[in-house]
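This briefing covers strand pairing, salt bridges and surface charge in one protein model. Please keep the sequence and the structure in view while reading.

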Amino acid sequence: MKNVKANILLIGLLAFILVFPTVALAEEESLKDGMISHWTLDDFFISDDTVFDSYSDKQGTIFGATSVDANESEIAQSLYFDGSSWVDLGDGSSIAGATAFSISVWVKSDSTGLDSTIWRARDTDDMMLRYDEVGWKSGEDDVIQFDVDTNENTENAGTPSSGRARLESSPDKQTTEWQHLVATWNGSDLSLYINGNQDGYSIMIPNYGGGLYADRNLLAAAGNQDFWNGKLDEVAFWSRALSGDEISDIYDNGIPVTYEVPGDGELLSALEAASSREKTLDTIEISTRSSGDYPEINERKVEDYIKVLNGEDSSGLTFKYNMLLNTLTHNGTGTVNALFNYWGGGTPNVSGTGDSLYSTWLGTDPTTNPSSQSYIVDDIGANPSVIGYSGYLGAAFSEAGTNDTVNIHSDDGPADYEQITNRVLRPDIKILSGGSNLYFRRNQIEGTVTHNGLETADFLFNHWGSTPSIAGNAGNLLVSPWINTLPGTSSTTYVVDDVGAIPPAGFLYTAFDAAEGGDTVEVLTDENQDDYQDLTGLAVEEDIKVPAGESGSGLTMNHNNITGSLTHNGSGIVDALYNYWGVNGPQNNLSGNTSSILYSPWLNDTPGTLSMTYVVDDVGADPTGSLTRAIEDANNDQDMDTINVHPGDYTSSSDKPVTETVDIVTCTGCPVQASVSGELSIKASDVKVGGRDEYVAQGFNITGNVTVEGNIDASTVHINWNNIYGTVTNDAVGTLDATYNWWGDMNPEDSISGEVDYTPYLPKNVCSVLEYMEENNLEDPAHAVAGIVAESASLSEEVIAQLTGMGFDVEGAGELIEQYGTSRVKIAMNNADTSSKFVELLGGYSLPAGSAGGLTNNTVAGGAGSVGGRTVGAVFTKCETIEINFPLADFQGNPPRGLTPTVSLVKLDKDGNKKGLEKVTTATYDEGKTAYFTKISSCELTPGYYLIQIDLPDLSALTQVIQVKGKKA
């Protein structure tokens, strides 16, 4: 047991209020008004045979009474009296002279129908509270008697003029149950309250003033002869008459006790004692520990007030995982640690001038051993960093586990919350409000993050195991990009998806800004098709990946310096145009579905270089549009750019003209050249299309048309060293330079419009002329043109000589050359092994007389319309087989066998101009059909018009225009 006043010094003030703290404290202060003493008779206030007054410094002595456990007592422990035991409660001078008086006590008698004293203050029976078998004045049975004697008149007790007053209760008030008795004297009248209610007495004899007369020590359970048999508890005295409300409150809630203890083992004992007083809201006042550390208070149900007083050092005082139901008041020095406590479902109730830690509290009573816990964080109280945590949030996450939840209130600091990085966060996280000052990056998050606030919270670059688990106002959560590798891994994979809030720099820029060389940026489907911004101007050292099952159609990366790889395993088209991939180009950097990556053209110099070189190749997605895309981008730069074009078939469009100075050349020379179809429009000065580098061709096979137009100087536009099969038109100012081109079998005069200088023109295709120059070591192309023309004249003389050798005279040979041309006669001689074959080849081939004239199945008699002035001879539905079936006859009308006519399928535009070659095959003679036959599938053809051209060995050709229509839905 403890000597409270000897061993228990004040340390401070911790107070816990939850339900109605203000009212409870007010009632406590009210009951202290006029209080003389409060003897709880609890074990805490008993040491051996000494009993301590919980209110003052009084001490009493126990004579034979024994302690009774709390479960058999009314409030905590009580004392049992056997009819011969009692307690001396000290000198009666504490009540002597009082002009009003109250006594409160809990009693439990062993029996009824007896005389038994509860308390007295005189040797006589004139100052007492007792059970009476028969009322002395009223004569009623089993009454409770209360006597008061004053120093006004002690000689004539029992008469109205005396100082003695008496009250006898109504009959049959004695009981063997616990009974709360309060007896009051207001200076004249007496009152008795039983179990909180005023009793209607049998008799009450008042007195007329004076002060209480007490001539001996106050005794509990001891009369002159009649000692108490039973239990007594909670004896208290006041020098005033309590009100009925106060008495009712005492009955309901007991009399609060203040425990004055040092911060050592006495603190635990005081908490246990206060806890055992379930009816009362007590106060535990803690003074500085006498030695050693404070004991840690945990896993307790603390319903009482706790205080640390002014000037007391609370350093090291810790309350953890308790149920605290009332106010903590700290007015001392140091810091009280009250983290991780349950405050009855509400917020922490903390007051005082000292520092207290309570920013993380619990949502569930920890004393019930819950399977999961709710940790609630707010930027209130002292910062937990003072005891080693990273801050407000770090304290919560250091405790919360897998099944728990960390609930976060808004940061009202506005920057009190620390950044949470490189941690394993196992609990669920719930943002209750705010969010703008939350920064969680590069953590391993195992739970769900729910955002119920209205501000944007930063959860970038975290590892979620798979995809982020988020709920609530997800649009206010920054979660993308996240990482698919654990934080701290040497090579990190950043995953970009259009989920959550969009970072200020955008999803993609944020990922590439964070990633480093050796890392990977994985791009998932842009579901909204507008959330990913275009990447431009970056040095991309990271690998980029579109995974299988995802679409890359939202990924656009232009004008970057890319040294990492790009892997496309998903669907959709990735736009990776106009990037610099190093000196070796992009091929070694790309993998996966490369045909779904737009990467032609690319840059041959780093972005921003003046006079940029674009490289166009027949690779990647939509290769035919590569040249047009290069022209479009070069139009954004006023410097002289160069477009180097690899072999392939490319389209051009008048809708996307050349508007800035540029050189457009091929880069591989003969024998393979790039072909350009469509309408090439030039609306800029200083433009070059084609050319040569000594004997290396840099021109194109131009199957479409070229137009120079607008208010520009056409003389600065040069179209040279190309094989031109279309037309060249000059609608600009000045003369267009179109010299040194080969115009095929056409007369250049028929293929130009406007002021176009086309002479000298090439007598053969570009590659043949350059080969001639190289063989003859010529530098001036004019010399080559003259030489080839001269050789052509010599050829005529050579052919005449050969004909005369075959029996023709000179005049007949000349007529033959004049009629059929030197080349045709020469070819006939070279390919004939007999004179009859020579005559057959020279006479040529044609459709036999009387044939229908159609070359294909589905031929429409009279035609099916026209395109560009040409009659459409047959119509096909897409995927219908085009059967080409044509008989031939020589000049004598006989069917020739053994020929291998070449069949070409050429795409036409809406005006009937040739756009590009689609298919080349050969026809063979079919004896059953007595005609030459081949077939072409139309499944790969786009709907439109096509020219079928059949080239015969005699240099003649058969043609037919057909139309391919799309399938009906």
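The points below concern a predicted model and are grouped by topic.

**The ten-strand sheet**

- Ten strands make up an open sheet with antiparallel pairing, in the order β3-β4-β5-β8-β18-β10-β11-β12-β13-β17.
- Its edge strands are β3 (46-47) and β17 (203-205), and each of these pairs on one side only.
- Within this order, β4 stands next to β5; β4 covers residues 50-52 and β5 covers residues 59-63.
- The strands β4 and β5 run antiparallel and are joined by three bridges.
- One point of contact can be named: V51 has G60 in β5 as its bridge partner.
- In general, strands of a sheet pair through backbone hydrogen bonds, and the pairing is either parallel or antiparallel.

**Strand β44 and its neighbours**

- Strand β44 spans residues 493-496, and its side chains point two ways: T493 and V495 one way, Y494 and V496 the other.
- All four of these residues, on either side of β44, are buried.
- Strand β43 (residues 482-483) runs antiparallel to β44, and two bridges join the pair.
- In the pairing with β43, W482 is found opposite V495 of β44.
- Strand β45 (residues 520-523) runs parallel to β44, with four bridges between them.
- In the pairing with β45, T493 is found opposite T520.
- β44 therefore has an antiparallel partner in β43 and a parallel partner in β45, since two strands count as paired when at least two bridges are found between them.

**Salt bridges**

- The model has 20 salt bridges by the rule applied.
- D33 and R240 form one of them through their side chains, with an N to O distance of 3.9 Å.
- D33 sits in the loop between α2 (21-32) and β2 (35-39), and R240 in the loop between β19 (229-238) and α3 (244-253), so this salt bridge ties together parts 207 residues apart in sequence.
- R240 has a relative accessible area of 17% and is therefore buried.
- K231 and E72 also meet in a salt bridge, at 3.9 Å from N to O.
- K231 belongs to strand β19 and E72 to the loop between β6 (66-68) and β7 (78-82), so the pair ties together parts 159 residues apart in sequence.
- The two partners are covered to unlike degrees: K231 is buried, with a relative accessible area of 14%, whereas E72 is partly exposed at 47% relative accessibility.
- The salt bridge between R441 and D458 has an N to O distance of 2.7 Å.
- Both of its partners are in strands, R441 in β37 (residues 440-441) and D458 in β40 (residues 457-458), so the pair ties together parts 17 residues apart in sequence.
- D458 counts as buried because its relative accessibility is 10%.
- D42, E234, R277 and D282 belong to one network, joined by salt bridges that share partners.

**A negative surface patch**

- Which residues form the negative surface patch? They are E133, E140, D141 and D172.
- Of these, D172 lies in the loop that runs between β13 (164-168) and β14 (179-185).
- Strand β13 is also part of the open sheet of ten strands.
- Does D172 count as buried or exposed? D172 counts as exposed because its relative accessibility is 56%, and the cut-off for exposed is over 50%.

Technical notes
Residues numbered from 1 in each chain as written. Predicted model: local features only at pLDDT ≥ 70, side-chain atom pairs only at ≥ 80, totals over all residues. Heavy atoms only, no water. Patch = residues over 30% accessible without salt bridge, like charges linked within 9 Å, V, L, I, M, F, W, Y side chains within 5 Å. Areas by Shrake-Rupley, 256 points an atom, 1.4 Å probe, with all protein chains shown as cover. Salt bridge = Lys/Arg side-chain N within 4 Å of Asp/Glu carboxyl O. Lys, Arg positive; Asp, Glu negative; His and termini not counted. Charge placed at Lys NZ, Arg CZ, Asp CG, Glu CD. Buried < 20%, exposed > 50% of the residue type's maximum accessible area, 1.4 Å probe, protein only.
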